[in-house]
Amino acid sequence: MHELSLCNSIARAVIQNAQGRRVTSVRLRVGALRQVVPETLVYCWSIASRGPILDGSVLEVEHVPAEIECGDCGTRSELSRFNLSCPSCGNHEVKVVSGEEMLIESIEVADEAEPPEAPPDPRPSGPATTAAH
Ligand SMILES: [Zn+2]
């Protein structure tokens, strides 16, 4: 399943960005030209997000419509199925300017406060900076 491998790579990127903090939600922008089904993506996320960092996190999929830009008059319009021409001047020399997106827009992490059931952090909490001589 294409969506699952996608979710796995999203999960990897989110874990890197979370830097050990627990993630509560992930916002993803998906262009209309990407052949993904948002519902399937969300379902696959529930599998890909297993683990201490992402467990229980929600994947929010934001759908980005496909847009074309006219090479002649510059009009931007939403790409309608089977109609690759400028609605303003009828020119067929249009290029797709959006709709291929697949990016993590934002991630939300849990508050800094430790949940009560979490074990105490074994790492020493020394000063982060060293004094200059
Ligand atoms: Zn035009």
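Welcome to this structure: a good place to start is Val23, which stands opposite Val109 in β6. The model you are looking at is predicted. From that pair of residues we can follow strand β1 to its partners, then turn to the core, helix α2 and a separate topic, the sheet built around β3.

**Strand β1 and its partners**

- β1 and β6, the strand of residues 102-109, run antiparallel and are joined by seven bridges.
- Val23 and Val109 give you one facing position to look for between these strands.
- β1 is also joined to β2 by seven bridges, but here the strands run parallel.
- To find this pairing in the model, look for Leu28, which stands opposite Val61 in β2.
- Together with α2, the strands β1 and β2 make a right-handed β-α-β unit.

**The largest nonpolar core**

- The largest nonpolar core has 17 residues.
- Cys7, Ile10, Ala11, Val14, Val26, Leu41 and Trp45 are the residues with the most contacts inside this core.
- Two or more residues each come from α1 (2-18), β1 (23-31) and α2 (38-48).
- Helix α1 gives the largest share, with five residues.
- Ile10 makes a handy landmark: leaving aside residues up to four places away in sequence, Ile10 touches Val26, Leu28 and Ile104.
- Leu28 thus turns up twice in this tour, as a residue touched by Ile10 and as the one opposite Val61 in β2.

**The buried side of helix α2**

- Which residues of α2 are buried? They are Leu41, Cys44, Trp45 and Ala48.
- These four lie on the same side of α2, because they cover an arc of only 115° around the axis.
- The general rule behind such a pattern is that an α-helix has 3.6 residues a turn, so residues three or four places apart point the same way.
- The buried residues of α2 pack against α1 and against β2, the strand of residues 58-64.
- Two of the buried residues, Leu41 and Trp45, are also among those with the most contacts inside the largest nonpolar core.

**The three-stranded sheet**

- Three strands form an open sheet in the order β4-β3-β5, and their pairing is antiparallel.
- The edge strands are β4 (76-78) and β5 (94-98), each of which pairs on one side only.
- From one strand to the next, the twist averages 35°.
- Strand β3, residues 67-70, is joined to β4 by three bridges, and the two run antiparallel.
- Glu69 has Arg76 in β4 as its bridge partner.

Conventions:
Residues are numbered from 1 along each chain as its sequence is written. This is a predicted model: local features need pLDDT of at least 70, side-chain atom pairs count only at pLDDT 80 or more; totals for chains, interfaces and linings use all residues. Two strands pair if DSSP finds at least two bridges between them. Axes are lines fitted to C-alpha atoms, for helices over the stretch in contact, and angles run from 0 to 180 degrees between N-to-C directions. A nonpolar core is a set of buried Ala, Val, Leu, Ile, Met, Phe, Trp, Tyr and Cys residues joined through C-beta atoms within 7 Å. A residue is buried if 20 or more other C-beta atoms lie within 10 Å of its own, exposed if 12 or fewer, and partly exposed in between; C-beta atoms are placed from the backbone. Two residues are in contact if their C-beta atoms, placed from the backbone, lie within 7 Å. The arc is that of the directions from the helix axis to the C-beta atoms. A crossover is right-handed if, with the strands pointing away from the viewer, the path from the first strand over the helix to the second runs clockwise.
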